[in-house]
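Me: I am new to this structure and would like a close look at one part of it. Please take a single helix and follow what surrounds it.

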Amino acid sequence: GLRQANLLIARHCAEGHGFPASIAMVLWGSDNLKTEGAPIAQALALIGARPRFDSYGRLSGAVLIPLAELGRPRIDVMVTLSGIFRDLLPLQIKLLAEAAYLAAAADEPEDRNFVRKHALAYQREHGCTLEIASLRVYGNADGAYGSNVNSMIESSRWEDEGELAETYSRRKGFAYGRNGRPSQQGALLQSVLADV
């Protein structure tokens, strides 16, 4: 995952785009199971975090890599989950949500921590808590699957792109926080996606 993150950053810079401030990823259940969590590790590496384990070796959360060790700014990673990922990997959802929150709450310069920069800007604009402004893990509500955008396109049940975006935001706009429970945050999802 760390190698993948470094390759992604290097490629983005080599294509003349500079250092990425925000990246969106889709995490699929089957891909993460087959690769033993490489995409999860990639998301953590981009944020600049590692998994934290308890004394029994069980996953218990995230810990930030110090900026001096990381050697680059923290990238704001927005993750959407497949329904299978949501159903099979609840501890990993909490891990990713905690990594995003810790990055947003870190007392670090905003030009070295894009998660913090974007979360603080959203918090100032909307008057919400940092906990809400730092939500970066999105998916469907419990028991729901897919965005329905593909079926709308295939059946021609849309007239403009705004309908597709609204359907996606409504279906995938459930943010998963450190407690692992979803809350509808469609406006925050749109705000985070706007800068990707």
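Reply:

**Helix 6 and its surroundings**

At 1.5 Å a residue, the 16 residues of helix 6 (residues 90-105) should span 22 Å, and its end C-alpha atoms are indeed 22 Å apart, which agrees; the expected span is 1.5 Å times one less than the number of residues, and helices (H or I, at least four residues) and strands (E, at least two) are DSSP runs numbered from the N terminus. This is a predicted model, in which local features need pLDDT of at least 70 and side-chain atom pairs count only at pLDDT 80 or more, while totals for chains, interfaces and linings use all residues. Residues are numbered from 1 along each chain as its sequence is written, and side-chain values use heavy atoms, with hydrogens and water left out.

Among the buried residues of helix 6 are Ile-93, Leu-96, Ala-97, Ala-100 and Tyr-101, where buried means under 20% relative accessible area, exposed over 50%, and partly exposed in between (1.4 Å probe, protein chains only).

Leu-89 lies in the loop between helix 5 (83-88) and helix 6, and at 10% relative accessibility Leu-89 counts as buried. Leaving aside neighbours within four places in sequence, Leu-89 is in contact (heavy atoms within 4.5 Å) with Asn-32 and Leu-33. The C-alpha atoms of Leu-89 and Gly-29, 60 residues apart along the chain, are separated by 7.7 Å.

Helix 6 also takes part in a cavity lining: helix 3 (38-47), strand 4 (76-81) and helix 6 each supply at least two residues of the lining of the largest cavity.
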